[in-house]
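Reader: Before I rely on any description of this model, I would like to hear the reasoning behind the words used for it. Could you take me through the terms one at a time?

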Amino acid sequence: MTEKLALKLTAVSKTFGGVRALKGVDFAVRAGEVHCLAGENGCGKSTLIKIVTGVYTPDPGARVEIFGQSGDGMTPAAGRALGVAVIWQDLALFPHMSVAENMAFDDMVGARPRLVQRRKDKIRARAVLNRLGVTLDLDAPLNTLPIAKRQIVAIARALMGEARLVFMDEPTASLTQSETDALLDVVRTLSAEGVAVVFVSHRLAEVLDIAERVTVVRDGTLVGVYPTDGMTQARLGELMTGTSHQQQVTAQDKSAAPPVLETRNLTRHGEFTDISLTVRKGEVVGLTGLIGAGRTELAHAMIGMTQPDGGEILLDSASLRPRSIRDAIRAGIAYVSEDRLSLGLIQPQSIADNTVMSVLDRLLNAAGLIKAPSKQHLVDHWIKEFAVKIGTPDDPVSTLSGGNQQRVVLAKWLATEPRLLILDSPTVGVDVGARAGIFRIVRDLADQGLAILLISDEVTEVMHNADRILHIADGRIIGEHDPRHTDVPALEARIYA
Amino acid sequence: MLRMLKANPVEIRLFAVLVAITIGLSLATDTFLTLGNITSLLNNNAVNLIWAVGLLVVLIAGGIDISFAVAASVVQYLTAQVFAELGGNWTLGLIVAGTLGIGLGLINAALIHGFRVISIVITIATFNVFFGLLMFLTRGRNIYDLPDWWRARIFIFEYQSASGTWSELNLAFAVMVACVIATALLISFTSTGRQLYAFGDNPEGARRAGVNVALMHAIAYGWMGMMAGIGGLMQVNIAKEVVPNALYGRELEVLAAVVLGGARLGGGRGTVIGCILGVMFVAITQNGLNLLGVSPFAFQMIIGATILVAISTSNLKLDLRSLRQRRLPEPEKRNA
């Protein structure tokens with residue numbers, strides 16, 4: 001059989017210091033195929049991509065073939081010459097450069113210096129954007145674009161050359177559903193044109209929708225290569241984590257419990273209108289809707305980051321008008337933001353310091369200094385409670401995986417002993433195995449009497465973890481659903497309609 | 001025009017302020033807008049501007065250099081040693097001073113790259129090493145015994161007005177023009193320049209695109225070193241002597257002017273035009289205060305305060321802009 005291969009990796013290993021990130025992985029992609037690379041965070045997916053593109057050199061003994069050519073001594077520029085393009089998870093764009101300059105930048109990195117050809121670059125950039133069916137101001141500095149548009153620039157940049165093998169690392173992470181659909185169409189077009197696409201995503205539904213085959217990697221070793229025909233999300237999740245995750249509806253009827261949070265006709269112009277909702281003691285209320293529907297804006301008003309224009313917030317039946325986050329914390333509201341990396345944690349600081357950050361004033365002794373034993377006690381308690389996997393509490397938070405970081409954020413807020421916990425997209429960038437762990441914690445907390453408002457744009461997430469689901473669209477709550485009396489497809493149909 | 005304003009708001013604003021100051025001073029004094037005053041302004045700031053465009057390249061690449069002014073002094077001293085016996089001429093002088101400067105710049109680059117230490121720490125350290133070494137070698141004494149070509153007054157433009165006063169542009173001005181043009185070509189028209197901007201803007205992104213990080217450090221600090229050496233050479237031509245501590249402290253003056261001109265301390269932004277405007281802004285303000293009869297003791301304070309106001313208000317403006325941007329995309333998202 002002489003099948004044309006775009007990429008063939010044989011026995012690829014990579015060691016960082018003493019840690020083996022990849023252990024003898026084989027990986028092959030056919031020309032024109034959409035191939036998914038699946039695995040949990042830290043399983044070695046990104047390392048694999050960096051080896052193919054020449055950012056990293058593999059350990060001796062590995063064989064890399066790109067379109068039949070040996071990938072020894074590969075550099076990013078040489079890879080591009082062979083038709084390899086990458087859309088990095090963090091985009092790897094240049095915020096102060098214009099859209100056109102970003103798209104044309106890869107041509108600036110070559111064997112020998114050359115002159116900049118602004119006019120020609122712009123013509124080429126426009127042609128690529130036309131191919132994608134989007135219009136962007138080519139002269140706009142990148143940092144003036146919203147994140148979804150930047151994602152499009154990153155995709156367009158990858159298509160500037162004659163790409164024959166495109167890696168997409170979490171390309172849909174910051175896109176809305178309609179933008180995701182548009183991107184998936186682009187992927188299909190590329191594939192039809194004979195371009196091989198390696199697709200990495202946490203959204204398993206997406207993976208099964210777009211890819212023909214899926215290669216699963218776990219802990220740096222190859223689990224197997226599977227056709228997506230007949231594959232289910234549950235089975236794929238099982239392969240990725242090595243354990244089975246049966247997701248089921250956990251909803252209970254909490255209508256008898258006293259309300260903790262109530263809002264009455266809460267309105268902030270241009271963000272949300274007439275929001276009236278109730279979260280009861282021990283209840284998990286899911287708030288779902290498209291990105292931009294006003295979910296996060298609503299949360300910001302509840303915690304005093306913004307001031308509503310009208311309506312009322314009641315906490316334990318007493319009127320509350322938080323003027324600042326400190327007010328909200330004092331009143332007993334905790335908010336876990338969607339942007340864990342930049343807002344939720346101080347990355348270079350230690351796990352211990354991050355955990356006690358929100359309650360420092362309770363740990364002070366008479367002289368105003370932090371009491372080390374009290375701090376130690378608190379940190380130990382939460383690490384044990386949440387089973388955070390760490391070396392020592394003094395390691396910087398940045399050394400933890402996404403799921404464990406999320407646990408530290410939770411610990412930080414729960415240390416304030418809140419009555420209401422607002423979770424905003426708590427599993428963004430958290431892999432399948434760790435998600436289950438986080439939701440186990442969420443349910444335990446609810447059982448202990450905490451009222452929880454769970455904001456998420458993943459329907460399966462609210463289906464399986466909330467007691468009630470509120471549907472928000474265009475800043476208004478337009479529906480309430482009981483997870484026990486609906487299912488994921490029905491709910492998705494309503495939300496994405 | 002609108003597009004240019006959007007792309008370079010700092011430069012445009014600085015230009016507007018500069019025009020306003022110039023008009024104000026022209027009306028307030030009859031000595032400011034004279035050929036003699038303008039040419040002496042240009043001559044006196046040529047060296048600062050040579051250093052400024054060198055520093056600009058380092059800032060664009062995401063670094064900073066505190067050591068360049070004392071490095072220039074070291075180059076002056078070494079160049080004086082080289083030519084004490086040899087005689088030499090301008091061509092040789094520029095080559096020797098430029099090369100020595102590049103050498104000192106590469107020391108910075110090698111330390112920053114080799115030890116992965118941030119540039120401000122390394123260059124503060126080399127600042128002290130260079131200066132200490134210089135004071136040790138010279139024992140703090142000035143060098144007056146310099147080759148004739150180095151001390152000679154060379155004019156590229158001379159004009160005697162009806163009243164008999166001379167206006168002239170000196171060699172330092174011509175060298176400055178060459179340095180400014182060379183820097184503009186490097187950063188705006190070559191792939192190397194784009195790589196420098198990219199590296200300053202997003203180092204990891206540049207690395208993944210295949211940019212040679214060691215080379216970027218070498219080019220940025222090497223270019224800065226070359227400009228430091230050439231600037232040092234020209235400063236001696238004006239001062240007619242090598243004074244070991246004459247340039248001590250000039251680095252902050254130049255840094256302030258470059259940042260005032262819109263170069264970003266985090267890297268990835270800055271233009272040669274902005275550099276020129278920044279240096280001229282400081283120069284004209286000082287010149288204007290002088291002509292208005294303000295006590296020289298107040299200069300530093302007033303200029304410091306001006307820079308403070310200029311830089312903080314430019315950030316304020318940028319914040320307002322980004323706030324508006326944060327609001328704008330929302331209706332669009334809602335439709336999605």
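Author: Let us start with the layout of chain A in this predicted model: the C-alpha centres of domain 1 of chain A and domain 2 of chain A lie 33 Å apart, and the domain assignment places domain 1 at residues 5-241 and domain 2 at residues 259-495.

Reader: How do you know what confidence the predictor has in chain A, and which of its helices have the lowest and the highest mean pLDDT?

Author: The confidence is given per residue on a scale from 0 to 100, and on that scale chain A has a mean pLDDT of 85, with 95% of its residues at 70 or more. Among the elements of chain A, helix α11 (residues 340-344) has the lowest mean, 67, whereas helix α3 (residues 99-104) has the highest, 94.

Reader: What makes the sheet with the order β6-β7-β8-β3-β9-β10 in chain A an open one, and what stands at its edges?

Author: The six strands are joined in that order with mixed pairing, and β6 (84-87) and β10 (221-227) of chain A each have a single partner strand, so one side of each is left without a neighbour in the sheet. Direction ignored, neighbouring strands of this sheet are turned by 20° against each other on average.

Reader: Why are β3 and β9 of chain A called paired, and in which sense do they run?

Author: Pairing requires at least two bridges between two strands, and strand β3 (residues 34-38) and strand β9 (residues 213-218) of chain A have four, in the parallel sense, so the criterion is met. One of these bridges can be located by its residues, since A:His35 has A:Arg213 as its partner in β9(A).

Reader: Which helices of chain A lie on these strands, and at what angles?

Author: Helix α1 (residues 45-52) of chain A lies across β3, β6, β7 (165-169), β8 (196-200) and β9 of that chain, and runs at about 150° to β7(A). Helix α6 (residues 177-192) of chain A packs on the sheet as well, where it touches β3, β7 and β8 of chain A and makes about 150° with the direction of β8(A).

Reader: What makes strand β18 of chain A largely enclosed?

Author: A residue counts as buried when 20 or more other C-beta atoms lie within 10 Å of its own, and six of the six residues of β18 (residues 451-456) of chain A are buried, so the strand is largely enclosed by the rest of the structure. Both faces are covered, with A:Ala451, A:Leu453 and A:Ile455 on one side and A:Ile452, A:Leu454 and A:Ser456 on the other.

Reader: How many bridges join β13 and β17 of chain A to β18(A)?

Author: Strand β13 (residues 284-288) of chain A is joined to β18(A) by five bridges and runs parallel to it, and A:Val285 has A:Leu453 as its partner there. Strand β17 (residues 420-424) of chain A is likewise parallel to β18(A), over five bridges, with A:Leu420 opposite A:Ala451.

Reader: What does chain B bring to the contact with chain A, and which of its elements gives the most?

Author: The contact takes 26 residues from chain B and 30 residues from chain A. On the side of chain B, α9(B) gives the most, with seven residues, and the residues of that side divide into eight nonpolar, nine polar and nine charged.

Reader: Where in chain B is the pLDDT below 50?

Author: Chain B has a mean pLDDT of 88, with 91% of its residues at 70 or more, but over residues 319-336 of chain B the pLDDT is below 50. Where pLDDT is low, the predicted coordinates should not be read in detail. For the complex, the predictor gives an ipTM of 0.84 and a pTM of 0.76.

How values were computed:
Residues numbered from 1 in each chain as written. Chains lettered and ligands numbered in written order. Predicted model: local features only at pLDDT ≥ 70, side-chain atom pairs only at ≥ 80, totals over all residues. Contact = placed C-beta atoms within 7 Å. Helix = DSSP H or I, 4+ residues; strand = E, 2+ residues; numbered from the N terminus. Nonpolar A, V, L, I, M, F, W, Y, C, P; charged D, E, K, R; others polar. Axes fitted to C-alpha atoms, helices over the stretch in contact; angles between N-to-C directions. Buried ≥ 20, exposed ≤ 12 C-beta atoms within 10 Å, placed from the backbone. Domains from an automatic or database assignment.
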